[in-house]
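This report covers salt bridges and the accessibility of the residues that form them. The sequence and the model come next.

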Amino acid sequence: QQGLLAKAMVGSNLLSCNLRIARLLRRHRVAVLQCHNVRAALMAGLGARLAGCPMVLYIKTMLTSPRLDRIAFMLANRILFQNSISRDACHPKLARRYGAKFEILCNGVDLDEIAHVERDAAEAPGEQPESPAGILRVGCLATLSPQKGFDYLLEALELVQHSMPVSLYVVGTDEQFPSYRSRLEAFARERGLNVHFLGWRKNPLEILARLDALVLASLHEDAPRSIMEAMALGKPVIATRVGGIPSMIQDGASGFLIEPRNALALKDAILTLARDPELRLRMGARG
């Protein structure tokens, strides 16, 4: 009974939210509503229909809930994917029924911004992240959440430090999982790891430009912008073989692809880059 009551309350709240959205869209004469996830589409899609406003659903993560996805796909006028891998991984039944709505809209980076960041990094070498000379500096630009695989990344660093020291710089917000950051910080302290949790920053590219490599240990992804930014800055990338990432990295050429939840493979890839500066340069140039 409690389950039915909770579902009824959720349904009532969703309907109320959509009605308010409909009034808002009409009042401001909105031409197009864009939603960045299924949850947003459920909260606003019906309101958009009631207001006669077309809705675009932009899929940035892998789809995991066929029932909710079906409702969101039905409400959307266009469904955008970042790459063909995430599109093809869509539920087969949904793809057959709503495929006419599908479009590919690739992510990208502003190369003028990249050039500006590179000039600043070259002109101010003394502003590099604090780390003893000769130590590999790797970065991770990602929200501090369990799905980003930080547990496995810190485990890998613990294994790496038995062979050589490495510094990790984590740039990303922890607003949704504050206790997760505390747990990671405690693990790093207990193991004596050289990890810097920098939080949200306005200038993540400026930090990335002064590092040696990007590492992304995600359990789920689509087409991470941070990988494109690292490649544009000439940095090698170590990332997990999930979502659309295999379409972005040439394994062994522009970086390393590893299986998710594999701290040993992460350790091996980090050590390979740490021991071979020339390889880092070649991979960065290839990216």
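A residue is called buried when its relative accessible area is under 20%, exposed when it is over 50%, and partly exposed in between. The model is predicted. By the definition above, Glu229 counts as buried because its relative accessible area is 11%. Its salt-bridge partner is Arg225, with an N to O distance of 3.0 Å. Arg225 is partly exposed at 35%. Both residues belong to helix 10 (residues 225-232), where a spacing of four residues places them about one helical turn apart.

The structure holds twelve salt bridges, including the three in the table.

| Acidic residue | Basic residue | Closest N and O atoms |
|---|---|---|
| Asp151 | Arg183 | 2.9 Å |
| Glu229 | Arg225 | 3.0 Å |
| Asp251 | Arg241 | 3.7 Å |

The bridge between Asp151 and Arg183 links distant parts of the chain: Asp151 is in helix 7 (residues 150-160) and Arg183 in helix 8 (residues 178-191), 32 residues apart. Asp151 is partly exposed at 22% relative accessibility, and Arg183 is partly exposed at 46%.

Asp251 and Arg241 also form a salt bridge. Both lie in the loop between strand 9 (237-240) and strand 10 (255-258), so the pair ties together parts that are ten residues apart in sequence. Asp251 is partly exposed at 43% relative accessibility, and Arg241 is partly exposed at 37%.

Which residues are joined into one network by salt bridges that share partners? They are Glu158, Glu190 and Arg191.

How values were computed: Residues numbered from 1 in each chain as written. Predicted model: local features only at pLDDT ≥ 70, side-chain atom pairs only at ≥ 80, totals over all residues. Heavy atoms only, no water. Salt bridge = Lys/Arg side-chain N within 4 Å of Asp/Glu carboxyl O. Helix = DSSP H or I, 4+ residues; strand = E, 2+ residues; numbered from the N terminus. Buried < 20%, exposed > 50% of the residue type's maximum accessible area, 1.4 Å probe, protein only.
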